[in-house]
Amino acid sequence: MSTFDLFDGLDDRSPERIADGAWVLPGFALPRARELLRAIEQISQAAPFRHQTTPGGYRMSAAMTSCGGLGWVTDRSGYRYSETDPVTGLHWPALPDAFLRLAIEAAEAAGYPAFVPQGCLINRYETGARMSLHQDKDEERLEAPIVSVSLGAPMTFLFGGPNRTDPTARYRLEHGDVVVWGGASRLFFHGVAPLGKRAEHPLTGPVRYNLTFRRVR
Ligand code: MD3
Ligand code: FE
């Protein structure tokens, strides 16, 4: 047991509503963070992290993989959810039990008791990687929330409103923080500022992971 273990599961910040239907649950994933990181490692052995290409031809700076019944895929032909991994030709790795339990419990804590995710997109950010302002609207079930889990190095999350030109607020997300996006916020524009040169975490080094649990169909 290290000193660091003593801090697993402790967080003095309270749940905060940051937009209509959106809740930050600080440290909600901390008790299971190590287990989640191990599972990410295992998943990426079967379905490797890759830099996908946008329909416009840009290489995404965040590397991605997926697990569960549906994974999110982009290439020159567009964005879509796919039952199989285009890199391996195989089904995505199963959604680990720890992932499923965490997603359901977080959604419930934020007031979405019926949430059952169909898949999980895993983003990996290294120094300088970012995600520009976008909406998540490739899902047919917009009444279902998206549950997002931050692991590793801290970063600045940007969230706006229903229109691309709405002003954006900045929010720092740290290892173990969970955000549940439902209601009106489900279609709000959001993005991630470039991962800072000095951003790191003892468990991951200069790397941040983000899990997003989604109900697609
Ligand atoms: C707000 N990921 O994968 S998580 C994404 O940190 C994505 O990797 C970011 O945006 C990341 O699509 C942000 C927070 C998040 C996720 C989904 C949302 C915010 C959201 C859906 C609707 C509104
Ligand atoms: Fe998104």
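The legends below describe close-up views of a predicted model.

**View 1. The open sheet and its edges.** Seven strands form an open sheet in the order E1-E2-E11-E8-E13-E6-E3, and their pairing is antiparallel. The edges are occupied by strand E1 (16-19) and strand E3 (63-68); each has a single partner strand, so one side of each is left without a neighbour in the sheet. On average, and with direction ignored, neighbouring strands of this sheet are turned by 20° against each other.

**View 2. The pairing of E2 with E11.** Strand E2 (residues 22-25) and strand E11 (residues 178-181) run antiparallel and are joined by four bridges. Within this pair, Ala-22 of E2 has Trp-181 of E11 as its bridge partner.

**View 3. Two helices on the sheet.** Helix H1 (residues 33-46) lies across E3, strand E6 (119-125), strand E8 (146-152) and strand E13 (208-214). The direction of H1 is at about 95° to E8. Helix H2 (residues 97-109) also packs on the sheet, where it touches E2, E3, E6, E8, E11 and E13. The direction of H2 makes about 120° with that of E8.

**View 4. The surroundings of ligand 1.** Ligand 1 is surrounded by 20 residues, of which the closest are Asn-123, Tyr-125, His-190, Arg-208 and Arg-214. Oxygen atoms of the ligand take part in several polar contacts with side chains: an N or O atom of Arg-208 is 2.9 Å from a ligand oxygen, a polar atom of His-190 lies at 3.0 Å, and an N or O atom of Asp-136 is at 3.1 Å. The protein covers 98% of the 500 Å² of accessible area that ligand 1 has on its own.

Methods
Residues numbered from 1 in each chain as written. Chains lettered and ligands numbered in written order. Predicted model: local features only at pLDDT ≥ 70, side-chain atom pairs only at ≥ 80, totals over all residues. Heavy atoms only, no water. Pairing = 2+ DSSP bridges. Axes fitted to C-alpha atoms, helices over the stretch in contact; angles between N-to-C directions. Contact = heavy atoms within 4.5 Å. Near = heavy atom within 4 Å. Polar contact = N/O pair within 3.5 Å; in protein donor to acceptor, adjacent residues only side chain to side chain. Areas by Shrake-Rupley, 256 points an atom, 1.4 Å probe, with all protein chains shown as cover.
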